[in-house]
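Thank you all for coming; I would like to take a few minutes to walk you through a structure that may be new to most of you. Please have the sequence and the model open while I talk.

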Amino acid sequence: MAGTGKNEEVLKESFMTKRSQNKRAFTHPNWKERWFVLSPENLIYYDGDKQSGRRKERGRVKLSEVVAVECVDTEVFHRDWVFQLCYSSEENEQIVLYIAAATSQERDQWLDHLRRLVAQNPCLSDHYHNGCIKGNQWTCCKGGKEVAACTRVTWTNNNPVGQPTPSPTPDARSEMMPGTPGGRFKPPERQRKVVVALYDYNAIDPGDIPLRKHEEFEVIEDTQEYWWKMKNLQTGVEGFAPSNYVREKETIGLHQYDWYLGDATRQRAEVFLMQQEREGCFVVRNSTTNSGIYTLSLFSKRSHPQVKHYHIKKDSEGNYYLSHNIKCQTIPDLIFRHQHNPAGLPVRLRPPTHGRHAPTIPGPHPDKWEIDPNELNLLEELGSGQFGVVRHGKLRNLDVAVKMMKEGTMSENDFIEEAQVMTKLRHPNLVQLYGVCSMYRPIYIVTEYLKNGSLLNYLRSKDKVLINNNEVLLDMCLQVCEGMAYLERQKFIHRDLAARNCLVGAHGEIKVGDFGLARHVVDDEYTGSGGAKFPIKWAAPEVLNFMRFSSKSDVWAYGVLMWEVFSCGKMPYGKAKNTEVVEMVVQKGCVLDKPRFCPDNVYNVMRRCWDRTPEMRPAFNDIIRIFQDE
Ligand code: AMP
């Protein structure tokens with residue numbers, strides 16, 4: 001890694017995303033991943049060239065010039081975990097650096113570290129802007145560029161806001177221990193974190209507490225990423241609850257409303273509203289094309305059932321409006337007015353009856369991946385696959401799927417070890433592995449339960465509705481791609497990606513399953529590329545030739561999965577035998593033809609996934625970008 005400069009200690013470092021500072025008035029601000037390094041004197045950021053190991057410094061902020069370190073209202077950028085560093089430039093101009101961390105914990109750690117280091121700055125301010133400048137105006141107070149900061153800071157070296165800041169003893173900087181890779185930073189005192197429940201949660205474990213939507217909790221312990229210990233502020237009851245079911249009160253914004261779907265795509269919003277089927281039912285979501293803009297999606301049965309999308313506009317005074325007759329200062333006010341008066345919309349707005357669906361519970365608490373079979377109540381059979389029978393079940397009161405591994409199909413010890421790693425993989429588009437029962441035989445693999453079964457069967461059973469419904473099909477591909485991009489970032493290779501190994505949830509959400517299992521199969525028919533069960537039709541040429549698996553061979557399989565989706569579950573290469581497919585793919589360099597209703601630009605993405613040179617295939621992240629630009 002590049003050094004921070006002569007003799008500079010590294011106190012903390014990580015990748016985060018930084019908003020461009022828009023020094024030129026006409027450039028559109030964008031967000032770029034940078035490698036941030038904190039030294040006792042500076043915050044330095046480098047471009048994120050991970051491959052070469054060489055990094056170029058892109059900028060630095062002198063900590064002595066920092067006037068405030070604060071969070072930013074989430075709605076401003078439609079991004080989570082954004083914080084800001086306000087500082088004065090050499091020309092004495094106030095500049096704000098906006099940085100998005102990957103998790104709330106990471107953001108809190110950076111806030112704590114930075115605040116410690118700037119604690120003695122005489123220039124610390126007692127006000128800041130909790131928005132940003134858009135069109136020469138602050139989004140928070142609507143004041144012009146030069147207007148005084150409008151919001152009282154939440155932090156001034158642990159002193160009551162507005163009081164002079166005494167010198168901390170011992171000196172905050174001297175409390176830092178050398179922070180080069182092995183060095184540690186003494187943990188600063190916690191700040192009070194109050195969160196609001198976004199969903200109901202029924203306690204699963206004896207140490208859990210239930211959550212009811214809108215209740216407030218103080219976070220007592222957040223050292224584990226997904227299970228926080230919280231105290232109900234009304235009842236005083238303490239216990240664990242999933243961290244993805246709550247949101248910090250400070251940044252809750254529109255998330256408190258059931259009609260707000262955040263970053264949901266247009267297709268997600270359509271599926272959600274079509275399922276509710278109520279005249280006037282609506283959601284608000286972040287526009288996919290313009291950051292900082294909101295879209296209202298509205299269901300109406302007039303003429304025929306359809307969803308229409310409207311941009312919520314803003315006038316020069318910062319008022320929101322859908323039609324010129326009704327203008328309001330906030331989006332909730334605007335929604336409220338349109339619930340009583342259509343004023344230009346086809347119908348009056350009616351909020352959804354079933355709100356956003358709750359996210360996946362992140363599985364039993366960490367280190368409890370070995371599940372006691374007595375806690376499992378086995379229910380109906382869901383199907384059977386490569387590894388044996390799969391049954392629906394209840395783990396205490398949680399719906400689960402239980403895969404009963406046929407004896408002799410797996411190298412069990414290796415798999416059990418890997419299961420510990422796999423329980424830590426968490427993404428909304430991956431089937432959550434909850435744990436294993438490995439004390440008895442057969443081994444059970446316990447995962448999240450998805451009501452609509454395998455993607456392949458779903459595509460086949462709904463082909464009449466889905467065929468030519470390209471927006472929905474593309475959204476399915478995008479969801480799989482997001483799960484795979486996460487696996488790629490975790491350096492985890494799937495090895496058996498195909499529509500049959502993805503599952504569909506109750507609300508049409510698609511999740512990738514069976515990741516990593518292929519590696520532990522001992523059946524020769526499955527593991528050798530000549531074996532009858534080997535997924536030849538999804539295999540890249542380098543897999544067929546040399547059994548060389550990589551994220552790029554997953555990308556090849558992903559191209560075939562896209563083909564399955566756009567042909568609504570047809571068998572790739574039709575009835576061709578495996579040997580014929582090998583000959584076509586390896587020797588003749590053939591690829592699958594374009595499915596009948598598939599748009600050219602989508603087929604082009606498949607073709608890129610089937611490049612013969614693995615390095616030339618796009619990464620999953622690149623594919624997401626291509627889809628979003630479509
Ligand atoms: P597999 O062994 O993964 O191929 O699963 C066989 C069948 O069981 C699938 O085709 C699904 O219909 C069903 N199944 C597997 N896992 C789940 C799950 N997590 N939720 C619901 N159904 C599942």
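Let me begin with the shell around the ligand, to which β22 gives the most, with four residues. Please keep in mind throughout that this is a predicted model. Strand β22 covers residues 376-385, and together with β24 (398-404) and β26 (444-448) it belongs to a set of strands that each supply at least two residues of that shell. In total, 14 residues surround the ligand, and the closest are A401, K403, E448, L450 and D514. If we sort the shell by class, we find six nonpolar residues, five polar ones and three charged ones.

Now, which atoms of K403, L450 and D514 lie close to polar atoms of the ligand? For K403 it is a polar side-chain atom, placed 2.7 Å from an oxygen atom of the ligand. For L450 the partner is instead a backbone N or O atom, which lies 2.9 Å from a nitrogen atom of the ligand. For D514 we return to the side chain, where a polar atom sits 3.2 Å from an oxygen atom of the ligand. As for how much of the ligand is covered, the ligand taken alone exposes 480 Å², and the protein buries 87% of that.

From the ligand I turn to empty space inside the protein. Rolling a probe the size of a water molecule over the atoms shows where empty space is left. A search of the whole structure finds five cavities of 30 Å³ or more, and the largest of them has a volume of about 100 Å³. Its lining consists of 13 residues, with R495, W538, A539, F549 and A557 lying nearest the centre of the cavity. Helix α11, which runs over residues 551-566, gives the most to this lining, with three residues. By class, the lining of the largest cavity holds nine nonpolar residues, one polar residue and three charged residues.

Next come a few places in the loops, and I will take the serines at 125 and 316 before the backbone details. S125 is found in the loop between α2 (104-118) and β8 (127-128), and a polar atom of the side chain of S125 lies 2.7 Å from the backbone oxygen of H127. Is S125 buried, partly exposed or exposed? The relative accessible area of S125 is 26%, so this residue counts as partly exposed. The C-alpha atom of S125 is separated by 9.6 Å from that of V69, although these residues are 56 apart along the chain.

S316 sits in the loop between β19 (306-314) and β20 (320-323), and because its relative accessible area is 63%, S316 counts as exposed. Its C-alpha atom and that of K142 are separated by 9.7 Å, with these positions 174 residues apart along the chain counted as their separation.

Finally, the backbone. The peptide bond from R441 to P442 is cis, with omega near 0°, and P442 has its place in the loop between β25 (433-437) and β26. E277, in the loop between α3 (266-276) and β17 (282-286), has a phi near 55°, a positive value in a residue other than glycine. S303, in the loop between β18 (294-300) and β19, likewise has a positive phi, near 60°. With relative accessible areas of 48% for E277 and 71% for S303, E277 is partly exposed, while S303 is exposed.

Note on methods
Residues numbered from 1 in each chain as written. Predicted model: local features only at pLDDT ≥ 70, side-chain atom pairs only at ≥ 80, totals over all residues. Heavy atoms only, no water. 1 Å grid on protein atoms, 1.4 Å probe; cavity = no way out; pocket = protein on both sides within 12 Å on 5 of 7 lines; lining within 4 Å. Points joined across faces, edges and corners; volume = space filled by probe spheres on them. Nonpolar A, V, L, I, M, F, W, Y, C, P; charged D, E, K, R; others polar. Near = heavy atom within 4 Å. Polar contact = N/O pair within 3.5 Å; in protein donor to acceptor, adjacent residues only side chain to side chain. Areas by Shrake-Rupley, 256 points an atom, 1.4 Å probe, with all protein chains shown as cover. Buried < 20%, exposed > 50% of the residue type's maximum accessible area, 1.4 Å probe, protein only.
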